[in-house]
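The exercises below are to be worked with the sequence and the model at hand. Each task is followed by a solution in steps.

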Amino acid sequence: MPDSSMMDNRNGMVSKIQSRIRTDSFKSNYDLVGKELGRGKFAVVKKCVEKATGNEHAAKFLRKRRKGEDCRRDIINEIAILESAKANPFVVSLHEVYETTSEIILVLEYAAGGEIFNQCVADNDEAFTEKDVIRLVRQILSGVAYLHRNNVVHLDMKPQNLLLTSSRPLGDIRIVDFGLSRRMDNVKEVREILGTPEYVAPEILNYEPISTATDMWSIGVLAYVMLTGESPFLGEDKQETFLNISQVNVDYSQDVFEGVSNLAVDFIKTLLIKNPRKRATAEECLQHPWLSGPPQPHAGLLPSLEEAESEPESPDSAQELVIMASYTLCSSQSDLKAVRGAFPFDEPFGARSEIQPQIYC
């Protein structure tokens, strides 16, 4: 078994971990309970109970060989990213790691509330209120700001990768699935395109450098979906979706944002900007009046996106960008459905993150 500390650090992949990788029997220490939480081509997530403590966890079983290739370094990278974020309460915590001849098992915090996706597309009486969204977006931004301060980009922010500690009452956020994440310490470039079609930023589609701002675009899409139940860029097929993203075709009409405050729309507009250097950072978002003040009534549309893009670039914002170059379309699950909006698109791009549904993976 190779020593993880000796692996190459390529394309933003972290090769050193602190966790002790256990090689004794996982099933001697944990009981698997209930049905699977998620399954994909290369991973399965199951609920488990630690025999010694009775504590519930989520066990993520990751195959080390995928399509004939050794992907152990990808898993080591995921472990390292989780370790680096252990001090943040809104990132799922890593409890233990086991390894067998064919798999690595991550024992993770169990978030009983499931994906926020379920409430994003729920009927009106069960959907998030704007007050709910404000609280949850604050938590998401707190977690992402922590990652960015540590030079980590998630690269797959979407409702399926955001879990709740409980559903009733509405719990707290846990950010999961760091399979595509990259640490940008001393990295000159990463030649991979990573993400899920509806949530990827224009710079990814244009083969341009990506950065911490790439996550911020995805958070703008997330906020739109959480507030409206609709996917802002979703087209009839991938090509139309990508065109909508490249042209920043966003509907900010009162029909879509009925009952939603002007400040919420303004918040989204600070993120869905084509030029990544003009997008708000996570830290700046946390200071936005929508999140820092009381909810405001909806009273018509705010300035257009073109006006927002014409504002002068913030030097602080430019300095915070940590640049990576990007290139290989990557895959994750996106099974959005037509409930309150149009969610027929179900085929993501890429190859690493394919849990269906996206729970912990």
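**Exercise 1. In the hairpin of β3 and β4, find the residue that takes a positive phi.**

Solution. The model is a predicted one. Five residues lie between the two strands of this hairpin. Among the residues of the hairpin, G54 has a positive phi, near 80 degrees. The strands themselves, β3 (residues 43–50) and β4, are antiparallel and share seven bridges. To check the register, start from A43: its bridge partner in β4 is L62.

**Exercise 2. Determine how strand β4 pairs with strand β8, and why β4 is largely enclosed.**

Solution. Step one is the pairing: β4 and β8 (residues 103–109) run antiparallel, with seven bridges between them. A59 is found opposite V107 of β8. Step two is the burial. Buried means a relative accessible area under 20%. Six of the eight residues of β4 (residues 56–63) are buried, so the rest of the structure largely encloses this strand.

**Exercise 3. Give the strand order of the six-stranded open sheet and state which strands stand at the edges.**

Solution. The order is β1-β7-β8-β4-β3-β2, and the pairing is mixed. The edge positions belong to β1 (21–22) and β2 (30–39); each has a single partner strand, so one side of each is without a neighbour in the sheet. For β1, the pairing with β7 (residues 94–99) is parallel and consists of two bridges. There, R22 stands opposite Y98 of β7. Helix α2 (residues 72–84) packs on this sheet and touches β1, β4, β7 and β8. The direction of α2 makes about 20 degrees with that of β8.

**Exercise 4. Decide whether R174 is buried or exposed, and describe its surroundings.**

Solution. First locate the residue: R174 is in strand β12 (residues 173–175). Next compare its relative accessible area, 14%, with the cut-off for buried, under 20%. R174 is therefore buried. Then look for a polar partner: the side chains of R174 and E109 are joined by a polar contact of 2.7 Å. Finally, list the contacts, leaving out residues up to four places away in sequence: R174 touches P89, F90, V91, V92, E109, A111, N161, L162, L163 and T165.

**Exercise 5. Classify the aromatic pairs Y252 with F257 and F267 with W290.**

Solution. The count of aromatic pairs is eight. For Y252 and F257, the centres are 6.2 Å apart and the planes are at 25 degrees. Planes under 30 degrees apart count as stacked, and this pair is stacked. Y252 and F257 are both buried.

For F267 and W290, the distance between ring centres is 5.0 Å and the angle between planes is 45 degrees, so the pair is tilted. This pair links distant parts of the chain, with F267 in helix α8 (residues 262–269), W290 in helix α10 (residues 289–292), and their positions 23 residues apart. F267 and W290 are buried as well.

**Exercise 6. Which charged residues lie over the rings of F61 and Y252?**

Solution. Over F61, the charged end of K46 sits 5.4 Å from the ring centre. F61 also forms one aromatic cluster with F26, Y30 and Y98. Over the face of Y252 lies K269, at 4.8 Å from the ring centre.

How values were computed
Residues numbered from 1 in each chain as written. Predicted model: local features only at pLDDT ≥ 70, side-chain atom pairs only at ≥ 80, totals over all residues. Heavy atoms only, no water. Buried < 20%, exposed > 50% of the residue type's maximum accessible area, 1.4 Å probe, protein only. Helix = DSSP H or I, 4+ residues; strand = E, 2+ residues; numbered from the N terminus. Pairing = 2+ DSSP bridges. Contact = heavy atoms within 4.5 Å. Axes fitted to C-alpha atoms, helices over the stretch in contact; angles between N-to-C directions. Polar contact = N/O pair within 3.5 Å; in protein donor to acceptor, adjacent residues only side chain to side chain. Phe/Tyr/Trp six-rings, centres within 6.5 Å; stacked < 30°, edge-to-face > 60°. Lys NZ or Arg CZ within 6 Å of the ring centre and 35° of its normal.
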